[in-house]
Amino acid sequence: MTLQAPPNRFNSDGKLRHVGVEIEFAGLPPRDTAQVVRELFGGELNVVSPHRLLVENSRWGVFGIELDTQYAHPDQALLDESSDQDSEWKRHQHQRRVEFHQKTRELIGDMVSGLVPTELVCPPIPWSELENLDTIFQALRDQGAKGTDASLLYGFGLHLNLEVECLNVEYLLTMLRAYLLMAHWLRDEIQVDITREVLPHANPFPKDYALKVLDSRYQPDLDTFIDDYLHYNATRNRELDLLPLFAYLRPDHTHELLHTKLIKPRPTFHYRLPNAQLSQPGWGAVTEWNRWVEVEKLAADKTVLHARCAEYIAEHNRPIFSRLKDKLMQWAKRH
């Protein structure tokens, strides 16, 4: 599949925009995954804990590989905790506690391996190099990694962290509008797995929020834009998660959700919708990137975007019985 160029290839500093890739899968434990990464992209292995590894100094930077459950990994707060007691006995007790904690978490990881996915977090790379990164997906398949479509029990996803072009509210609002208009098309193209539809990891935006944002009269400043999003979307489980971006833009914001451990501030759109289709030869990050580029193309065409926003608002302002009649007629034609 040929990599598609976005309308805006560069960030506000004139540098190629970057994209980070995260994928979940079964069938290959973290250590074996780390070896695959090293063979493809070089680097040194750093075993942080038995089920959490880093491949450092690779072609693009640091790859993170771990079992995707916090209970398989030592609690960093406990590891960083220093015993304030002066006595040798107290320090010894603290060390015993840490060692017991580490062994317990290692045992939990051993027990749940195969039940919870391995997560591979790739470093941000220039979007133009995604085809090179995609070699990792075939390598994982060859080693037995299994994606969403391998079992009804697998609700695995691929996430793209897409660097924004700039940070002004006009651009961010335009991109969100384009995404809201394209969301249904994206779901149809991806054919989001039924397990992922049921699990609350990539939920669609509420209809009342979409109507608010797509209304041409909605012209918020940045703080209002952020506050409105948090009011309607007090969750990180949106198909297009803007919380990392808002945590980056407003590090002093008072909303507690922007300060949780799972929110990593960064100037990106955290796109959570795609399945991890590792069982499909030829599928990879390029496939999902190309679908995303369609959102950016719509955002770049202001005339078409404005017209489609108006159509969306008009359609949803029609009486419910009229809309229901049209949907029934469309269903009858298909069947």
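# A guided tour of the predicted model

In the protein chain, 73% of the contacts with a separation of 6 or more are between residues 24 or more positions apart. The model shown here is predicted. Begin with the whole protein chain in view: there are 13 helices and 9 strands to find. Of the 335 residues, 47% are buried. The accessible surface is about 17500 Å², and carbon and sulfur atoms contribute 52% of that area.

**First stop: the nonpolar core**

Select F63, L120, L130, Y179, F225, F269 and Y271. These are the residues with the most contacts inside the largest nonpolar core, which has 89 residues. Now display helix 6, residues 169-190, which supplies 14 residues of this core, the largest share. As general background, nonpolar side chains tend to be buried together in soluble globular proteins.

Next, centre the view on F225. Which residues does F225 touch, not counting those up to four places away in sequence? They are V169, L172, L173, L176, Y209, Y218, P220 and F246. F225 also belongs to an aromatic cluster, whose other members are F205, Y209, Y229, Y232 and F246. Selecting the cluster therefore brings Y209 and F246 into view again, both as members of the cluster and as residues that F225 touches.

**Second stop: aromatic pairs**

The whole structure contains 15 aromatic pairs. Select W127 and W289 to see a stacked one, with 6.0 Å from centre to centre and 5 degrees between the planes. W127 is in the loop between strand 6 (125-126) and helix 4 (130-133), whereas W289 is in helix 11 (residues 285-300); the two are 162 residues apart. Both W127 and W289 are buried.

Continue to Y179 and W292. The ring centres are 6.2 Å apart and the planes lie at 35 degrees, so this pair is tilted. Because Y179 lies in helix 6 and W292 in helix 11, the pair ties together parts that are 113 residues apart in sequence. Are Y179 and W292 buried or exposed? Both are buried.

**Third stop: strands 3, 4 and 5**

Select strand 4, residues 63-67. Of its 5 residues, 4 are buried, so strand 4 is largely enclosed by the rest of the structure. Add strand 3, residues 52-56, which pairs with strand 4 in the antiparallel sense over 4 bridges. L54 has G64 in strand 4 as its bridge partner. Then add strand 5, residues 118-121: strand 4 and strand 5 run antiparallel and are joined by 4 bridges. Here the bridge partner of I65 is L120.

Strand 3 and strand 4 form a hairpin with 6 residues between them. In the loop between these strands, select N57. Its phi is near 60 degrees, a positive value in a residue other than glycine. Most residues other than glycine have a negative phi. N57 is exposed, with a relative accessible area of 60%.

A second residue to inspect in this respect is Q191, in the loop between helix 6 and helix 7 (194-198). The phi of Q191 is near 55 degrees, again a positive value in a residue other than glycine. Q191 is exposed as well, at a relative accessible area of 63%.

**Fourth stop: helix 5**

Select helix 5, residues 135-142, and display I136, F137, A139, L140 and R141, which are its buried residues. What covers these buried residues? Their cover includes strand 1 (18-25), helix 1 (30-41), strand 5, helix 4, strand 7 (158-163) and helix 11. Just after helix 5, G144 has a positive phi of about 100 degrees.

**Fifth stop: D215 and its contacts**

Move to D215, in the loop between helix 8 (207-214) and helix 9 (222-232). D215 counts as buried because its relative accessibility is 16%, under the 20% cut-off. Apart from neighbours within four places in sequence, D215 is in contact with R177 and I313. Then select A310: this residue is 95 residues from D215 along the chain, yet their C-alpha atoms are separated by 7.3 Å.

**Last stop: cysteines**

Finish with C166 and C309. C166 counts as buried, at 16% relative accessibility, and C309 counts as buried at 7%. How many disulfides does the structure hold? The number is 0.

Note on methods: Residues are numbered from 1 along each chain as its sequence is written. This is a predicted model: local features need pLDDT of at least 70, side-chain atom pairs count only at pLDDT 80 or more; totals for chains, interfaces and linings use all residues. Side-chain values use heavy atoms; hydrogens and water are left out. A nonpolar core is a set of buried Ala, Val, Leu, Ile, Met, Phe, Trp, Tyr and Cys residues joined through side-chain atoms within 4.5 Å. Buried means under 20% relative accessible area, exposed over 50%, partly exposed in between (1.4 Å probe, protein chains only). Contact means heavy atoms within 4.5 Å. Accessible areas come from the Shrake-Rupley method with a 1.4 Å probe; for residues, only the protein chains shown count as cover. Rings of Phe, Tyr and Trp (its six-membered ring) pair if their centres lie within 6.5 Å; planes under 30 degrees apart count as stacked, over 60 as edge-to-face and the rest as tilted. Two strands pair if DSSP finds at least two bridges between them. A disulfide is a pair of cysteine sulfur atoms within 2.5 Å.
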